[in-house]
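This briefing gathers a few local features of one protein chain, grouped by topic. Please read it alongside the sequence and the coordinates shown here.

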Amino acid sequence: MAASVNNLGDEHVAVQKLQPQAKIYERLLKLGAFYKQQYNTEPEFYVRVPGRVNIIGEHVDYCGYSVLPMAVDQSIILAVGTCPEKETLQLRPLDEGKFQSFDCDLNDLDIKLPKTGGPAWYNYYLCGIKGVQEELGKKWRPIGLQVVLSGNVPLAAGLSSSSALVSAAVLATAHVQGMHLDRKLLASISASCEQYIGTHSGGMDQAIAYLAKQGCAQHIEFHPKLKGTPVTLPAGSCFVVANSLVQKKKAASSDYNERVVECRLATRWLAKSQKLPNWQEFIRFVDLEEELHLDNAAYAQLIEKQLTKSLYTRDDICETLNITEQQLEMDFLTPSTQHMQQFKLRQRALHVIQESGRVIKFRQICEQLERRASKQDIEQLGKLMQQSHHSLRELYECSHPDLERLIALSVKQGVSARVTGAGWGGCIVAMCDSINAAADYVKVLKRDYYAQLPPHLLERYQPNDFNEVVFATFPSNGAELFVQ
């Protein structure tokens, strides 16, 4: 076990000595005590992986475009020990009332997906183990694991609780297996192994989980390779997250994967329209942009010119792409999207291309604001967030009536806000001019949205004055590993 404190620079997850002044200290001690109660011994190390809020750049990562998220304070934490004589995984959640314990043989990892509803919580952990196992190949050793875990990232809220759990499992397993804890490699393993639960993730959640730095957001690029650049958010600005409490699990519904399918089909359609000899190779907007040397405005024009219908049928697609219906199902439709009959190629494509342009503009304005203060520039950031939300609602159709109520209250307060995460529920993120403005805004949301919730939700969230579901947030660190 790597118990030495090593520092390999920012590129790697360093093994840190747990200090009493660490923000997470009390939570980890409580988890350590629970570990001892469960396994009658002390844990060997702790893992912390944060949730995230995406400030701008929604539904673009799986098309190859960059995003601008920040890690939040809320996180998944694990206490881990090894049991080399057993080749089993033992998982014990701190919240035993809500989640069942799980044990399995590490030589027989089986991720069972239900026909309806989302995967059981422990399948996300198994994904992480399987990802490391695949990466290591013949070097993999089935070392017994004893794990307890706890999380305060709201579930199914678009703050990446499931990806944080997968990423935490990857980090813990990689450490036990003696791997070099390279942040980019771990992010890439974490992103690709989510496919085991049927999510065709673009990689944003895992990248920010590993690359985040305290005090700044990250501009994360995926093409040509994974790269994170710290972005200082405007001085004085304060971001607020408000949870609609409409739960939406990406892996439990086909909506997310349907959008991925529509983007791939739109890319192929556009590639063919440009008579590229290798048009059949394109499934990501970013690769086509590169091939055709298009800027953002020219790309949007191409979409408007070539994708003229608001709805395309299976017949339209098969005819234009010169494929059979069976090929469409095999090459494009994933297990959860086999039922699709109609495709909104134009709307999805326009959203992705225009949103990718907004991410670049947002970063540029933040960089200008670092050099000099400008009220106009800050207003421009707010406008970009508003445009993003409008596009997600109208072109991507991933809002929800309760999210719209939160947005309407924000507009009334003069606050720019947008849906964040995959959508169809979950959270909004709002940008306030100051900490005081944020406090006033939160008060209004508590009074006009949260205090009106149905009784069962009031009972759950009101005793803590709704602080779990609406809060100001500041950028936190990415994945961390501690020893005592």
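How much space lies in the second largest pocket? In this predicted model, the second largest pocket holds about 500 Å³ of space. The points below take up its lining, then two helix pairs, and then two features of the backbone.

**The second largest pocket**

- The lining is made up of 23 residues, and those closest to the centre of the pocket are G414, V415, S416, M431 and D433.
- Two or more lining residues come from each of the helices α12 (375–394), α13 (401–412) and α14 (435–448), and likewise from the strands β12 (416–420) and β13 (427–432).
- Helix α12 makes the greatest contribution to this lining, giving nine residues.
- By class, the lining of the second largest pocket consists of nine nonpolar, eight polar and six charged residues.

**Helices α11 and α12**

- Helix α12, which contributes to the pocket lining, also packs with helix α11 (residues 345–371), their axes coming within 10 Å and crossing at roughly 165°.
- Because angles over 145 degrees count as roughly antiparallel, α11 is described as roughly antiparallel to α12, and the crossing of the two helices is left-handed.
- On the α11 side the contact is formed by H351, E355, R358, K361, F362, I365, C366, Q368 and L369, which meet D377, I378, Q380, L381, L384, M385, Q387, S388, S391 and L392 of α12.
- Sorted by class, the residues in the contact of α11 with α12 are nine nonpolar, six polar and four charged.

**Helices α3 and α5**

- Helix α3 (residues 161–176) packs with helix α5 (residues 204–211) at an angle of about 55°, and the axes of the two lie 9 Å apart.
- This angle makes α3 oblique to α5, and α3 passes α5 in a right-handed crossing.
- The residues in contact are S163, S167, V170 and L171 from α3, together with D205, Q206, A209 and Y210 from α5.
- The contact of α3 with α5 comprises four nonpolar, three polar and one charged residues.

**Backbone features in loops**

- The peptide bond that runs from H223 to P224 is cis, with omega near 0°, and P224 is placed in the loop between β7 (217–221) and β8 (227–231).
- H293, a residue other than glycine, has a positive phi value near 50°, and H293 belongs to the loop between α7 (285–292) and α8 (296–306).

Conventions. Residues numbered from 1 in each chain as written. Predicted model: local features only at pLDDT ≥ 70, side-chain atom pairs only at ≥ 80, totals over all residues. Heavy atoms only, no water. Axes fitted to C-alpha atoms, helices over the stretch in contact; angles between N-to-C directions. Helix = DSSP H or I, 4+ residues; strand = E, 2+ residues; numbered from the N terminus. Parallel < 35°, antiparallel > 145°, perpendicular 65-115°, else oblique. Left-handed = near helix turned anticlockwise from the far one by under 90°. Contact = heavy atoms within 4.5 Å. Nonpolar A, V, L, I, M, F, W, Y, C, P; charged D, E, K, R; others polar. 1 Å grid on protein atoms, 1.4 Å probe; cavity = no way out; pocket = protein on both sides within 12 Å on 5 of 7 lines; lining within 4 Å. Points joined across faces, edges and corners; volume = space filled by probe spheres on them.
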